[in-house]
Amino acid sequence: MDELDSEIVRLLQTDARQSNRELARQLGVAPSTCLERVRSLTRRGVIRGYHADIDPAALNRGTQAMVSVRVRPPSREVIDTFQRTAAALPEVLSVFVVAGDEDFLLHVAVQDLDHLHAFLLDRLSKRREIVGFKTSVIFQQVHTPPTRLE
């Protein structure tokens with residue numbers, strides 16, 4: 001990555017909705033040059049996509065929690081299957097495979113504490129591979145800016 005690529009990434013992190021023409025204007029390059037650079041960054045996997053940052057509370061999912069999960073046996077098949085299954089659950093925002101005492105960390109968002117309790121009992125505790133889980137309710141979340149290339 002050169003300086004132009006780094007600046008494209010920085011500007012897109014600031015506002016990914018800006019047009020190619022506007023991005024090119026800020027960079028001082030031709031729109032065709034800018035478009036080819038963005039396409040190259042995408043092909044190389046530097047830019048993985050664009051997304052909308054949605055407030056879970058606006059979707060009636062204002063209660064969030066981090067759930068650490070331990071599975072057994074600790075095999076690739078069990079890990080891969082649980083990862084896919086957990087990611088497909090509508091309550092799950094993110095799935096992290098982690099090292100340490102636990103195998104997974106799930107970031108979940110639900111309507112309220114009753115729904116969190118139901119998620120834990122109806123979705124997690126019934127899975128045979130899960131041998132334990134711990135839940136931490138999130139009171140507040142502070143969003144940090146995306147990773148910046150310096």
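**Entry 1: ground rules**

For helix pairs I take axes as lines fitted to C-alpha atoms, for helices over the stretch in contact, with angles running from 0 to 180 degrees between N-to-C directions. Helices (H or I, at least four residues) and strands (E, at least two) are DSSP runs, numbered from the N terminus. A note to self on the source: this is a predicted model, where local features need pLDDT of at least 70, side-chain atom pairs count only at pLDDT 80 or more, and totals for chains, interfaces and linings use all residues. Residues are numbered from 1 along each chain as its sequence is written, and side-chain values use heavy atoms, with hydrogens and water left out.

**Entry 2: α2 against α3**

I began with helix α2 (residues 20–27) and helix α3 (residues 31–43), whose axes come within 8 Å and cross at roughly 105°. That makes α2 and α3 roughly perpendicular to each other (under 35 degrees is roughly parallel, over 145 roughly antiparallel, 65 to 115 roughly perpendicular and the rest oblique). I then listed the contact, meaning heavy atoms within 4.5 Å. From α2 come Asn20, Arg21, Leu23, Ala24 and Leu27, and from α3 come Pro31, Cys34, Leu35 and Val38. Sorted by type, the residues of this α2 and α3 contact are seven nonpolar, one polar and one charged. My sorting rule counts Ala, Val, Leu, Ile, Met, Phe, Trp, Tyr, Cys and Pro as nonpolar, Asp, Glu, Lys and Arg as charged, and the others, Gly among them, as polar.

**Entry 3: bringing in α1**

Next I looked up helix α1 (residues 3–14), which packs with α2 at an angle of about 125°, their axes 11 Å apart. So α1 and α2 are oblique to each other. I noted the crossing of α1 and α2 as right-handed (near helix turned clockwise from the far one by less than a right angle; anticlockwise would be left-handed). On the α1 side the contact uses Leu4, Glu7, Ile8, Leu11 and Leu12, and on the α2 side Leu23, Gln26 and Leu27. The residues where α1 meets α2 come out as six nonpolar, one polar and one charged.

I checked α1 with α3 too: their axes come within 10 Å and cross at roughly 85°. Therefore α1 and α3 are roughly perpendicular to each other. Here Leu4, Asp5, Ile8, Val9 and Leu12 of α1 meet Arg37, Val38 and Leu41 of α3. I sorted the residues of the α1 and α3 contact into six nonpolar, no polar and two charged.

**Entry 4: stepping back**

How many helices and strands does the protein have? I count five helices and four strands, in the order α-α-α-β-α-β-β-α-β along the sequence. The radius of gyration is 20 Å, where a compact globule of 150 residues would have one near 15 Å (taken over C-alpha atoms; the globule rule is 2.2 Å times the number of residues to the power 0.38). Along its principal axes the C-alpha trace spans about 55 × 35 × 25 Å. Of the 150 residues, 30% are buried (buried is under 20% relative accessible area, exposed over 50%, partly exposed in between, with a 1.4 Å probe and protein chains only). Among contacts with a separation of 6 or more, 62% are between residues 24 or more positions apart.

One distance I wanted was from Arg17 to Lys126: their C-alpha atoms are separated by 42 Å, with the two positions 109 residues apart along the chain. Arg17 sits in the loop between α1 and α2 and is exposed, at 79% relative accessible area.

**Entry 5: Ser68 and Glu102**

Ser68 is in strand β1 (residues 63–71) and is buried at 12% relative accessible area. Leaving out residues up to four places away in sequence, Ser68 touches Glu102, Phe104, Leu105, Gly132, Phe133 and Lys134.

I followed that to Glu102, in the loop between β2 (92–97) and β3 (104–110). Is Glu102 buried or exposed? Its 15% relative accessibility counts as buried. Beyond neighbours within four places in sequence, Glu102 is in contact with Ser68, Val69, Arg70 and Lys134.

**Entry 6: backbone oddities**

Most residues other than glycine have a negative phi, and most peptide bonds are trans. I flagged Asn60, where phi is near 60°, a positive value in a residue other than glycine. Asn60 lies in the loop between α3 and β1 and is partly exposed at 47% relative accessibility. I also flagged the peptide bond from Arg72 to Pro73, which is cis with omega near -5°. Pro73 belongs to the loop between β1 and α4 (76–88).
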